[in-house]
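Visitor: I am new to this structure and would like a close look at a single part of it. Could you take me slowly through the main sheet and what lies around it?

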Amino acid sequence: LDVSDIISFDEAISETELLSLVASAESKSEHPLGKAIVSCSKMKEVPLFESNAFRMTTGKGIFAEVNNHKLLCGSEKFLIESGVSIDSNVQSALERLRTQGKASILVADNQKCVGVIALSDVLRPEAKDMVSRLAGMHTRTVLLTGDNKKTANYFAAQVGISEVRAELLPEEKVQSIEKLQGENHKVCMIGDGVNDAPALKTADVSVAMGSMGSDIAVDAADVALMSDDISKIPYLKRLSNA
């Protein structure tokens, strides 16, 4: 994940200050998007400040106080549920970012939407081949994600996944797996984020990315790929069959 866009909707907050505030708020987060924003701020040598009253709402976003700023960082749904209004200017920016296949974190300061930070997923070059090889082994691949539908469909199309379930909260990922199990399928879940942990626990077998995944995901999984090489998944399946 790389930070691709930093957009401020408030003339009083520069893009650099927005990155500094959000990275400071996200510094206690286990989420891959939060970690990517913190990494970006360190690379750009943007100052980080102590965050207080940190609170995470799993699958939706976080709240933190940074230098007297009461910050909400998360999905559009999370901000709306928290009483923040999203105007047409913000909506059009979000729509543009989604059609580019980017994940967006909206930022509210004292109940006003002040910006958005977008991250572009770097599609692993081996992903398409992995999906194709699994299909050749009569294995069905389903994408479960908390991302917006447009973003999810954008990446699924590139790797050849036709079954996409998007905008899922952690408990909805669990429900999707239980539904597949109810249809008499053996389910292997592959994930790396803190939001994947409940689904990793629910699946018949689970695989986490060992070096880039959150500690919670690695702890929840049965198998950890220490090299984070997803091309090993078909090998794991062949080994299991054997």
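Guide: A word on exposure comes first: a residue counts as buried under 20% relative accessible area, as exposed over 50%, and as partly exposed in between. Please also keep in mind that this is a predicted model.

With those limits, Tyr154 counts as partly exposed because its relative accessibility is 35%, while Phe155, at 13%, counts as buried. These two residues form the one aromatic pair that a search of the whole structure finds. Their ring centres are 5.1 Å apart and their planes stand at 85 degrees, so the pair is edge-to-face.

Now to the sheet you asked about. It is an open sheet of six strands, which follow one another in the order β1-β6-β5-β4-β3-β2 with antiparallel pairing. At its edges are β1, residues 2–8, and β2, residues 51–57, each of which pairs on one side only. Ignoring direction, neighbouring strands of this sheet are turned against each other by 20 degrees on average.

Within the sheet, β3 (residues 61–66) and β4 (residues 69–74) run antiparallel and are joined by six bridges. Gly61 has Gly74 of β4 as its bridge partner, and Ile62 stands opposite Cys73 in the same strand, β4. The hairpin that β3 and β4 make has two residues between the strands, and Asn67 takes a positive phi there, near 50 degrees. On to the next pairing: β4 and β5 are joined in the antiparallel sense over four bridges, and the bridge partner of Leu71 in β5 is Asp109.

Strand β4 is mostly covered, since five of its six residues are buried. One residue of this region, Cys73, deserves a longer look. Not counting residues up to four places away in sequence, Cys73 touches Val22, Ala25, Glu26, Gly61, Ile62, Phe78, Ile105, Leu106 and Val107. Together with Leu18 and Ile37, Cys73 touches the most other members of the largest nonpolar core, which has 24 residues. The elements giving two or more residues to this core are α1, α2, β3, β4, β5 and β6, and α1 gives the largest share, six residues. There is also a second, separate core of 15 residues, with Val84, Ile86, Leu106 and Val116 among them.

Two helices can be placed against the strands. Helix α2, residues 32–43, lies across β1, β5 (102–109) and β6 (112–120), and runs at about 90 degrees to β6. Helix α4, residues 88–99, also lies across β1, β5 and β6, but its direction is given against β5, at about 155 degrees.

Beside the strands, Asp10 sits in the loop between β1 and α1, the helix of residues 15–26. With a relative accessible area of 18%, Asp10 is buried. Its side chain makes a polar contact of 3.4 Å with the side chain of Lys112. If neighbours within four places in sequence are left aside, the residues in contact with Asp10 are Lys112 and Val114.

For a parallel pairing to set beside these strands, turn to β9 (residues 188–191) and β10 (residues 205–209), which run parallel and are joined by four bridges. In that pairing Met189 stands opposite Ser206 of β10. The side chains of β9 alternate: Met189 and Gly191 point to one face and are buried, whereas Cys188 and Ile190 point to the other and are not.

Terms used
Residues numbered from 1 in each chain as written. Predicted model: local features only at pLDDT ≥ 70, side-chain atom pairs only at ≥ 80, totals over all residues. Heavy atoms only, no water. Pairing = 2+ DSSP bridges. Axes fitted to C-alpha atoms, helices over the stretch in contact; angles between N-to-C directions. Contact = heavy atoms within 4.5 Å. Phe/Tyr/Trp six-rings, centres within 6.5 Å; stacked < 30°, edge-to-face > 60°. Buried < 20%, exposed > 50% of the residue type's maximum accessible area, 1.4 Å probe, protein only. Polar contact = N/O pair within 3.5 Å; in protein donor to acceptor, adjacent residues only side chain to side chain. Core = buried A, V, L, I, M, F, W, Y, C linked by side-chain atoms within 4.5 Å.
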